[in-house]
Amino acid sequence: MAIRDIVLYTDNEPALRKKSEPVRSINRRVKKLIQDLKDTLLAHPEGIGLAAPQINVPSRVIVVRLGGKGDGSQELGSPVALINPEIVEARRDERDFDGCLSFPGLYAETVRPHYLKVQGLDEWSKPFTRTFEGFDAVLVHHEIDHLDGILFIDRVAAINDLYRVREDKNGELVRVPVTAEGV
Ligand SMILES: [Zn+2]
């Protein structure tokens with residue numbers, strides 16, 4: 001079990017901007033990477049997905065916890081690894097919630113596909129074609145973006161779509177636009 005440090009945008013943007021390399025074979029090094037990604041994601045219950053560049057490894061591996069809706073109210077699945085994931089079909093662009101473990105406390109509304117067909121390898125080297133719908137599609141799309149150095153802030157159409165969450169004086173969670181505090 002190895003929980004790795006998550007690369008923060010404010011500390012190391014270049015690591016998050018690098019294009020990741022395809023995995024050639026799922027050897028011991030890659031199996032260790034998958035386990036580290038799973039352990040690191042499970043150590044951050046506020047997150048539902050993690051891509052290898054977020055732990056400073058430029059390899060095309062992501063892990064996702066499916067079954068969420070972005071508001072934390074759902075029972076999430078165990079982390080599933082997708083290796084060399086390629087989008088073969090993307091449809092139903094809609095606005096939804098977005099956030100990233102590399103940007104703690106920052107959230108946004110972005111437009112992403114809510115239907116995604118993806119091909120790749122599972123962690124046992126078996127090729128798969130899977131479809132993801134709803135927020136699962138948003139999540140997988142966000143994580144595949146990381147492999148190409150694309151971050152959720154790049155998908156924000158207007159600065160007003162970015163916000164932080166704070167507790168107000170009654171203990172209620174409220175959205176604070178980043179413009180209100182000068183980023
Ligand atoms: Zn992210």
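Student: Why are His142 and His146 said to be separated by about one helical turn?
Tutor: This is a predicted model. In it, His142 and His146 sit four residues apart in helix 3, which spans residues 135-147. That spacing puts about one helical turn between them.

Student: What makes His142 and His146 zinc ligands?
Tutor: Donors are N, O and S atoms within 2.8 Å of the metal. His142 and His146 each coordinate the zinc ion through NE2, and Cys100 does so through SG, at 2.0 to 2.3 Å. These distances are within the cut-off, so the three residues count as donors.

Student: How are the donor residues spaced in sequence?
Tutor: The pattern is C-x41-H-x3-H.

Student: Why might the zinc site look incomplete?
Tutor: Water is not among the atoms, so a site may look incomplete. Here the listed ligands are Cys100, His142 and His146.

Student: Why is His142 called buried?
Tutor: Buried means under 20% relative accessible area. His142 has 6%, so it counts as buried.

Student: And what makes His146 buried?
Tutor: Its relative accessibility is 1%. The cut-off is under 20%, so His146 qualifies too.

Student: Which residues does His142 touch, leaving out those up to four places away in sequence?
Tutor: Contact means heavy atoms within 4.5 Å. His142 touches Asp98, Gly99, Cys100, Arg112 and Phe152. Cys100 is also a ligand of the zinc ion.

Student: How do you know that Arg60 is buried?
Tutor: Its relative accessible area is 9%. That falls under 20%, so Arg60 is buried. Arg60 lies in the loop between strand 1 (49-51) and strand 2 (61-64).

Student: What is Arg60 in contact with, beyond its neighbours within four places in sequence?
Tutor: Its contacts include Lys19, Ser20, Glu21, Pro22 and Val23. Leu82, Ile83, Asn84 and Pro85 are also among them, as are Leu147 and Asp148.

Student: How far is Arg60 from Ile153?
Tutor: The two are 93 residues apart in sequence and 21 Å apart in space, C-alpha to C-alpha.

Student: Why does Lys38 count as buried?
Tutor: Its relative accessibility is 13%. With the limit at under 20%, Lys38 is buried. Lys38 lies in helix 2, residues 28-42. Not counting residues up to four places away in sequence, Lys38 touches Val63, Pro79, Ala81 and Glu123.

Student: How many Å separate the C-alpha atoms of Lys38 and His114?
Tutor: They are separated by 24 Å, with the two positions 76 residues apart along the chain as the offset.

Student: What makes the chain as compact as a globular protein of its length?
Tutor: First, the elements. The chain has three helices and seven strands, running α-α-β-β-β-β-β-α-β-β from the N terminus. The radius of gyration is 16 Å, close to the 16 Å that the globule rule gives for 183 residues, so the chain is as compact as a globular protein of that length.

Student: What share of the chain is buried?
Tutor: Buried residues make up 46% of the 183. The chain exposes about 9,700 Å², and carbon and sulfur atoms supply 49% of that area.

Student: What share of contacts joins residues 24 or more positions apart?
Tutor: Among contacts with a separation of 6 or more, such pairs account for 61%.

Methods
Residues numbered from 1 in each chain as written. Predicted model: local features only at pLDDT ≥ 70, side-chain atom pairs only at ≥ 80, totals over all residues. Heavy atoms only, no water. Helix = DSSP H or I, 4+ residues; strand = E, 2+ residues; numbered from the N terminus. Rg over C-alpha atoms; globule rule 2.2 N^0.38 Å. Buried < 20%, exposed > 50% of the residue type's maximum accessible area, 1.4 Å probe, protein only. Areas by Shrake-Rupley, 256 points an atom, 1.4 Å probe, with all protein chains shown as cover. Donors = N, O, S within 2.8 Å, 3.2 Å for Na, K, Ca; no water.
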